[in-house]
Structures are given as structure tokens and as C-alpha cells.
Amino acid sequence: MTVQTSKKELPACPVETTLTLIGDKWKVLILRDLMPGKKRFGELKKSIGNVSQKVLTAQLRDMENSGLLTRTVYAEVPPRVEYSLTELGKSLKPILDAMWNWGEEYKRAQ
């Protein structure tokens with residue numbers, strides 16, 4: 001299920017706003033995989049793992065509507081589509097880095 005939000009629908013709390021935009025497990029993994037650069041749909045699906053095509057498509061559309069990534073379609077046969085992060089999407093890197101560091105610390109503590 002895709003939740004589209006406009007500025008007036010966003011929560012007052014900044015943490016809740018961030019979670020609204022990237023709180024889904026797949027969205028965080030999409031961000032992780034697009035940080036180094038653009039990828040095609042098949043590359044994303046393979047690198048993310050156990051996500052259905054339908055869910056991945058819905059998450060990518062939602063992230064595009066939120067302004068986190070761009071979808072570029074090339075006029076080729078067969079058509080080629082690439083996804084890349086916008087500057088807004090790239091601005092989430094410190095959050096992903098913090099999640100990485102926290103996860104590493106947690107795993108060491110176990």
C-alpha cells in the first residue's frame with residue numbers, strides 16, 4: 001500500500017515526518033542501494049532481496065512522488081529505466097550512516 005503525502009498532510013513532528021517518508025523497510029534499503037549511484041529495476045530487486053516486483057514498484061513510485069528519487073526512461077528497445085537519488089534523497093545519507101553505525105554497535109554488543 002502506498003501512502004502519498006503532501007506538505008499539508010505531513011505530521012507536525014519532524015521525526016514522524018521522516019518516518020512517513022522512509023519508515024518502510026524497503027524504502028531504507030532502496031536508499032542504501034541508490035546512495036552509490038543509479039540502478040536499474042532488476043539491479044535494485046536483486047540487491048534488495050526478498051521483495052516482490054509489485055511492492056518494489058509501489059515503493060519506487062512513492063519515493064519518486066516524495067521527491068527522493070528520479071526515474072529516467074530511455075527511448076530504447078527494449079526500454080531502459082534507471083533510478084537515482086535526488087539531492088533531497090542524497091541528503092538522507094547521514095541518517096543511513098547513523099543507522100549503519102548503530103547496527104554495527106548493536107551486533108558487537110550481542
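In this predicted model, strands β2 and β3 form a hairpin with 5 residues between them. Strand β2 covers residues 69-74 and runs antiparallel to β3, to which 6 bridges join it. Leu-69 in β2 has Leu-85 of β3 as its bridge partner. Tyr-74 stands opposite Arg-80 in β3. The side chains of this pair also meet: Arg-80 lies over the face of Tyr-74, at 3.8 Å from the ring centre.

The loop of the hairpin holds a cis peptide bond. This bond joins Val-77 and Pro-78, with omega at about -5°. Pro-78 itself is placed in the loop between β2 and β3. Most peptide bonds are trans.

Strand β3, residues 80-85, has a further partner in β1, residues 39-40. The two pair in the antiparallel sense over 2 bridges. Here Arg-40 stands opposite Glu-82 of β3. Together the 3 strands make an open sheet in the order β1-β3-β2, with antiparallel pairing. The edges are taken by β1 and β2, each with a single partner strand, so one side of each is left without a neighbour in the sheet. Strands of a sheet pair through backbone hydrogen bonds, either parallel or antiparallel.

Attention turns next to the pockets. The largest pocket has a volume of about 320 Å³. Two helices, α2 (25-34) and α6 (93-109), each supply at least two residues of its lining. Helix α6 gives the most, with 5 residues. The lining consists of Lys-25, Val-28, Leu-29, Arg-32, Met-35, Lys-93, Leu-96, Asp-97, Met-99 and Trp-100. By class, these residues divide into 6 nonpolar and 4 charged, with no polar residue.

Lys-25, one of the lining residues, also takes part in a contact between a charge and a ring. Its charged end sits over the ring of Trp-26, 4.7 Å from the ring centre.

Aromatic pairing was searched for over the whole structure, and 1 pair was found. The partners are Trp-102 and Tyr-106, and their rings are stacked. The ring centres lie 5.3 Å apart, with 10° between the planes. The angle meets the criterion for stacking because planes under 30 degrees apart count as stacked. Both residues belong to helix α6. Being 4 residues apart there, they are separated by about one helical turn. Trp-102 is exposed, with a relative accessible area of 59%. Tyr-106 counts as partly exposed, at 44% relative accessibility. The two fall into separate classes because exposed means over 50% relative accessible area.

Helix α6 also contains Lys-107. At 56% relative accessibility, Lys-107 counts as exposed. Its C-alpha atom is separated from that of Ile-22 by 23 Å. Along the chain, Lys-107 and Ile-22 are 85 residues apart.

Helix α6 thus recurs in several of these features. It gives the most to the lining of the largest pocket. It holds the Trp-102 and Tyr-106 pair. Lys-107 has its place there too. In the sheet, strand β3 pairs with β1 over 2 bridges, and 6 bridges join it to β2.

Technical notes:
Residues are numbered from 1 along each chain as its sequence is written. This is a predicted model: local features need pLDDT of at least 70, side-chain atom pairs count only at pLDDT 80 or more; totals for chains, interfaces and linings use all residues. Side-chain values use heavy atoms; hydrogens and water are left out. On a 1 Å grid over the protein atoms alone, a cavity is a set of points where a 1.4 Å probe fits but cannot get out, and a pocket is an open set with protein on both sides within 12 Å along at least five of seven lines; lining residues have an atom within 4 Å of a point. Grid points are joined across faces, edges and corners, and a volume is the space filled by probe spheres set on the points. Ala, Val, Leu, Ile, Met, Phe, Trp, Tyr, Cys and Pro count as nonpolar, Asp, Glu, Lys and Arg as charged, and the others, Gly among them, as polar. Two strands pair if DSSP finds at least two bridges between them. Rings of Phe, Tyr and Trp (its six-membered ring) pair if their centres lie within 6.5 Å; planes under 30 degrees apart count as stacked, over 60 as edge-to-face and the rest as tilted. Buried means under 20% relative accessible area, exposed over 50%, partly exposed in between (1.4 Å probe, protein chains only). A charge sits over a ring if NZ of Lys or CZ of Arg is within 6 Å of the ring centre and within 35 degrees of the ring normal.
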